Amino acid sequence: MWQLFVKLLLTVLLVIDPIGIIPQYMSITAAMSEREKRAVVKKAVCIAGLVLLVFIVFGRTLLQFFGITPGAFYISGGILFFLIAFEMIYNKPGSRAMPQDDKTDRPDVRMAALFPLAVPFLAGPGLITTIMIYVNTPSIPWTTAVLMLLGAVAIGLCAVYIALRAASVLVRLIGVTGMFVLEKIMGLILSGLSVQLIYNGLVKLNIIGGM
């Protein structure tokens, strides 16, 4: 079970991408004071946590209500993960927004925390899909899946909070190029996971035989 939790945690960290979100965060909060930046990070993490909690608790009920089988969701999740990985691998260094010197545009703290930081950057389709896949895995008891997801998501959001609070320091330490390389590595790993999910979905739907 610990191996499954570690796999889940790594998947959450890959999808939530604490390093990759730094450029967008710095761009959104470029015109804010340090106090406002702290408020944005705190609110964004809390809002994302509440949204993800809803899917953790009610994810299985939602799929059952709409009649979606776990195998079908594995395939759709794999396709979505592949698209996310493709963007992570092939985006150019300058394609991520970086902070500007223009201080005239001051976004509202609450709105910036809600959109786009909390949704869709943190509580986005990728992480929601991860939650739905694990909470609907027949081989994992619902209570066990919920507890593992709560732990993995909590650690992932803590990692995001730390990364965003230390964003300026991280940029100085590893630079834009270092962040670019890290994102490529994470994208490669996620692309492999996406193919594995599609394969698992095909097996669960009895389209192909398992090994």
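Q: Which helix does proline 116 lie in?
A: In this predicted model, proline 116 lies in helix H5, which covers residues 109-122. Proline 120 has its place in H5 as well.

Q: What makes the peptide bond from phenylalanine 115 to proline 116 cis?
A: Look at omega: for the bond from phenylalanine 115 to proline 116 the angle is near 15°, and the bond is cis. The bond from valine 119 to proline 120 is also cis, with omega near 15°. Most peptide bonds are trans, so a cis bond is worth a look.

Q: What is notable about the phi of aspartate 17?
A: Aspartate 17 is not a glycine, yet its phi is positive, at about 50°. Most residues other than glycine have a negative phi. You'll find aspartate 17 in the loop between H1 and helix H2 (22-28).

Q: Why does aspartate 17 count as buried?
A: The cut-off for buried is under 20% relative accessible area. Aspartate 17 comes in at 6%, so it counts as buried.

Q: Which value of phi does asparagine 206 have?
A: Asparagine 206 has a phi near 60°, again a positive value in a residue other than glycine. This asparagine sits in the segment after H8.

Q: Why is asparagine 206 called exposed?
A: Exposed takes over 50% relative accessible area. Asparagine 206 has 68%, so the label is exposed.

Q: How do you know that lysine 37 forms a salt bridge with glutamate 34?
A: Check the atoms: the closest N and O of lysine 37 and glutamate 34 are 3.8 Å apart. The cut-off is a side-chain nitrogen within 4 Å of a carboxyl oxygen, so the pair qualifies. Side chains of opposite charge can pair when their charged atoms come close. A search of the whole structure turns up one salt bridge. Lysine 37 and glutamate 34 both belong to helix H3, where they are three residues apart, about one turn of the helix.

Q: Why is lysine 37 called buried?
A: Its relative accessible area is 17%, and buried means under 20%, so the label holds for lysine 37.

Q: Why does glutamate 34 count as partly exposed?
A: Glutamate 34 has 47% relative accessibility. Partly exposed is what falls in between the 20% and 50% limits, so glutamate 34 gets that label.

Q: What makes up the nonpolar patch on the surface?
A: The patch is formed by Leu50, Leu53, Val54, Val57, Phe58, Leu62, Phe65, Phe66, Ile68, Trp142, Leu147 and Leu150, which together have about 1100 Å² of accessible area. Helix H3 (34-66) and helix H7 (142-165) are the elements that give two or more residues to the patch. H3 gives the most, with eight.

Q: How do you know that tryptophan 142 is partly exposed?
A: Tryptophan 142 has 35% relative accessibility, so it counts as partly exposed. To join a patch, a residue needs over 30% relative accessible area, and 35% clears that bar for tryptophan 142. Its place is in helix H7.

Q: What lines the second largest pocket?
A: The second largest pocket is lined by 16 residues, with Lys7, Tyr74, Tyr134, Leu197 and Asn200 lying nearest its centre. Its volume is about 250 Å³. Helix H1 (2-16), helix H4 (70-90), helix H6 (125-135) and helix H8 (167-204) each supply at least two of the lining residues, and H8 gives the most, with six. By class, the lining has nine nonpolar, five polar and two charged residues.

Q: Why is leucine 127 called buried?
A: Leucine 127 has a relative accessible area of 2%. The limit is under 20%, so leucine 127 is buried. Leucine 127 is found in helix H6, and its C-alpha is 22 Å from that of valine 181, which is 54 residues away along the chain.

Q: Why is lysine 204 partly exposed?
A: With 38% relative accessible area, lysine 204 falls in between the buried and exposed limits, so it is partly exposed. Lysine 204 lies in helix H8. From lysine 204 to methionine 132 the C-alpha separation is 16 Å, with their positions 72 residues apart along the chain.

Q: Why does threonine 29 count as buried?
A: Threonine 29 has 1% relative accessibility, so it meets the under 20% cut-off for buried. Threonine 29 lies in the loop between H2 and H3. Threonine 29 and phenylalanine 65 are 36 residues apart in sequence, and C-alpha to C-alpha they are 40 Å apart.

Note on methods
Residues numbered from 1 in each chain as written. Predicted model: local features only at pLDDT ≥ 70, side-chain atom pairs only at ≥ 80, totals over all residues. Heavy atoms only, no water. 1 Å grid on protein atoms, 1.4 Å probe; cavity = no way out; pocket = protein on both sides within 12 Å on 5 of 7 lines; lining within 4 Å. Points joined across faces, edges and corners; volume = space filled by probe spheres on them. Helix = DSSP H or I, 4+ residues; strand = E, 2+ residues; numbered from the N terminus. Nonpolar A, V, L, I, M, F, W, Y, C, P; charged D, E, K, R; others polar. Patch = residues over 30% accessible without salt bridge, like charges linked within 9 Å, V, L, I, M, F, W, Y side chains within 5 Å. Areas by Shrake-Rupley, 256 points an atom, 1.4 Å probe, with all protein chains shown as cover. Buried < 20%, exposed > 50% of the residue type's maximum accessible area, 1.4 Å probe, protein only.
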